[in-house]
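Please take a moment with the sequence and the structure shown here. A short tour follows.

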Amino acid sequence: MKDLQIRLSIIGIAFLVGVGFLFPSFLWYLKSPDLRRELERTKNVPRRLIRLGLDLRGGTHLLMELDLDEVAKQGESKITAQDALDRAVEIIRNRVDQFGVSEPFIAKQGDRFIVVQLPGISDPRRAKDIIGKTALLEFRMIDDSKAAQDALEKIREFGEPWDEKGVLKPEAAKLLPKDTQLFLSRSGEDYYILKPTELTGATLINARAEIGEFRMPHVSFVFNAEGGKIFGQLTAKNVGKNMAIVLDGRVQSAPVIRERIGGGRGIIEGGFGDQEARDLALVLRAGALPAPVRIAEERTVGPSLGEDSIRKGLMASSIGFGFVFIFMLVYYRFSGAVANICFLFNILLTVAGLAAFNATLTLPGLAGLALTIGMAMDANILIFERIREELKLGKSTRVALDQGYDMAVGTIIDTNITTLIAAFFLFQFGSGPIKGFAVTLTLGIIASMFTAVYISRTLYLFYYENNREAKSISI
């Protein structure tokens with residue numbers, strides 16, 4: 001009796017833990033989509049939640065191509081194409097994390113492409129701007145020599161100095177003083193002749209949006225010790241001159257240096273909006289991409305597709321499970337009811353496991369759930385048939401139960417372990433939905449072994465303790 005009490009206590013605890021993990025997800029998906037989006041925006045999301053993948057929730061799929069020609073121009077002493085791709089993936093991952101997208105998928109594809117999937121993203125244009133921005137920050141001194149000013153006047157008289165691809169025309173380039181470059185302002189109206197780069201944003205350790213004078217947003221930044229030292233020296237020797245802050249080839253601002261700026265701190269002004277300043281601070285914190293990227297493919301999965309998929313999946317699953325329920329009751333009677341209780345427990349524990357690990361549920365994940373439910377039923381049937389064989393040999397109910405389980409458990413464990421090994425390799429070498437399938441399959445198999453072997457046997461023991469005089473069981 002004591003052993004039975006311990007078993008029932010363990011099952012009760014498992015039930016309460018399962019409900020505890022599942023309840024936040026239940027409450028979350030009762031909320032309206034608009035309210036969920038608002039709570040996600042404010043990062044007021046439960047810690048443990050079943051998240052829906054791109055195929056169920058909708059979102060944005062981007063295929064981005066890294067400009068390897070630009071990487072090659074950096075010379076052999078710089079990074080290789082593979083290093084550039086690895087670094088770009090890491091930087092994009094940092095940006096997406098700071099953007100606040102839950103369960104994104106970011107991975108390399110081939111030797112120059114990066115796949116980015118953003119489930120539930122409500123502003124794809126903003127996401128593309130943040131992810132695709134090179135964010136190369138440079139600090140350059142403006143060439144204020146007479147030769148530069150004369151060249152600037154001639155360039156303005158020249159007309160449009162840029163060709164259709166945004167490259168400076170050779171005729172205009174000939175007008176520039178040696179070792180200088182022509183840049184446009186952020187508004188695209190003013191020209192600046194700048195000297196070579198004195199300092200880049202590679203040494204930035206933080207950047208954030210702030211509200212400055214006249215309630216105008218700006219971005220403040222902080223260098224590390226090395227960058228702060230260079231910045232201090234640069235400002236000390238150029239007091240009274242203009243220093244241009246250039247981002248991705250556009251001059252954001254060109255303030256006058258009034259005194260040496262120590263401490264490695266500064267600001268970027270440029271007539272930003274609130275959102276624009278926050279996004280700029282975000283990409284500066286994440287670092288500059290090693291080369292420009294372009295969006296080679298963009299697909300938007302609408303929420304209606306996800307909802308439709310969920311509805312059809314639930315309907316198909318409900319019909320299938322309903323037939324299985326009825327079949328087990330008709331064919332195995334009392335034992336069928338035991339199997340059905342285990343079946344419900346299996347679903348509860350598997351889905352609660354998804355919530356506990358913050359796993360993402362995808363369409364393949366739903367398939368994995370259906371597969372494990374079928375395997376759990378197979379395990380129950382295997383046990384029932386072994387018990388039947390023992391009862392046919394004339395053994396008592398208790399002996400038939402014990403020997404039926406002893407003979408079936410080994411086979412069940414062997415089968416499930418081989419499937420677990422397959423799931424491990426799927427998770428290790430798969431990606432996206434494949435990993436979702438592997439996670440659901442793994443959780444389902446573990447829950448299956450617990451419910452089919454432990455819970456069903458406990459229910460039989462409970463039945464036997466209360467029906468010691470029974471010479472057989474309904475099976």
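In which sense do strand 10 and strand 11 pair, and over how many bridges? The pairing is antiparallel, and three bridges make it up. Keep in mind that this is a predicted model.

## The hairpin and its other partner

Strand 10 covers residues 243-247. With strand 11 it forms a hairpin, and two residues lie between the strands. Asp-248 sits in the turn, where its phi is positive, at about 50°. Across the hairpin, Ile-245 faces Ser-253 of strand 11.

Strand 11 spans residues 250-253 and also pairs with strand 6, residues 181-185. Here two bridges do the joining, and the strands run parallel. In this pairing Leu-184 stands opposite Arg-250 of strand 11.

## An open sheet of three strands

Next comes an open sheet. Its three strands follow the order 8-9-12, with antiparallel pairing. Which strands stand at the edges? They are strand 8 (204-211) and strand 12 (265-268). Each has a single partner strand, so one side of each has no neighbour in the sheet. From one strand to the next, the twist averages 25°.

Strand 9 takes in residues 217-223 and is joined to strand 12 by four bridges. The two strands run antiparallel. Val-219 is the residue opposite Ile-268 in strand 12.

Two helices meet these strands. Helix 9, residues 225-236, lies across strand 9 and strand 12. Its direction is at about 110° to strand 9. Helix 10, residues 274-286, packs on the sheet and touches strand 8, strand 9 and strand 12. The direction of helix 10 makes about 175° with that of strand 8.

## Two nonpolar cores

In soluble globular proteins, nonpolar side chains tend to be buried together. The largest nonpolar core here has 49 residues. Which of its members touch the most others? They are Ile-92, Val-116, Phe-139 and Leu-284. Helix 5, residues 81-99, gives this core its largest share, eight residues.

A second core lies apart from it and holds 29 residues. Among them are Ala-339, Ile-387, Leu-401 and Ile-475.

Phe-139 shows how far along the chain contacts can reach. Beyond its neighbours within four places in sequence, Phe-139 is in contact with residues including Thr-197, Leu-199, Phe-221 and Phe-231. Its list also includes Met-243, Ala-244 and Ile-245.

Ile-142 belongs to strand 5, residues 137-142. Is Ile-142 buried or exposed? Its relative accessibility is 14%, so Ile-142 counts as buried. With residues up to four places away set aside, Ile-142 touches Tyr-192, Ile-193, Leu-194, Lys-195, Asn-242, Ala-244 and Ala-254. Between the C-alpha atoms of Ile-142 and Gln-181 the separation is 9.8 Å, with their places 39 residues apart along the chain.

## Aromatic pairs

How many aromatic pairs does the structure hold? There are 19. Two of them are set out below.

| Pair | Centre to centre | Angle between planes | Class |
|---|---|---|---|
| Phe-327 and Tyr-331 | 5.4 Å | 10° | stacked |
| Phe-384 and Tyr-460 | 6.3 Å | 90° | edge-to-face |

Phe-327 and Tyr-331 share helix 11, residues 303-332. They are four residues apart, about one turn of the helix. Phe-327 is partly exposed, at 45% relative accessibility. Tyr-331 is partly exposed too, at 41%.

The pair of Phe-384 and Tyr-460 links distant parts of the chain, 76 residues apart. Phe-384 lies in helix 13, residues 363-392, and Tyr-460 in helix 15, residues 433-466. Both Phe-384 and Tyr-460 are buried.

Ring pairs also join both of these pairs into one cluster. Its members are Phe-327, Tyr-331, Tyr-332, Phe-334, Phe-384, Tyr-405, Tyr-460 and Tyr-463.

## Two arginines

What sits over the ring of Tyr-454? The charged end of Arg-7 does, 4.5 Å from the ring centre.

Arg-36 lies in helix 2, residues 33-41. Neighbours within four places aside, Arg-36 is in contact with Trp-28, Tyr-29 and Lys-31. Gln-109 is 73 residues from Arg-36 along the chain, and their C-alpha atoms are separated by 32 Å.

Conventions. Residues numbered from 1 in each chain as written. Predicted model: local features only at pLDDT ≥ 70, side-chain atom pairs only at ≥ 80, totals over all residues. Heavy atoms only, no water. Core = buried A, V, L, I, M, F, W, Y, C linked by side-chain atoms within 4.5 Å. Buried < 20%, exposed > 50% of the residue type's maximum accessible area, 1.4 Å probe, protein only. Contact = heavy atoms within 4.5 Å. Pairing = 2+ DSSP bridges. Axes fitted to C-alpha atoms, helices over the stretch in contact; angles between N-to-C directions. Phe/Tyr/Trp six-rings, centres within 6.5 Å; stacked < 30°, edge-to-face > 60°. Lys NZ or Arg CZ within 6 Å of the ring centre and 35° of its normal.
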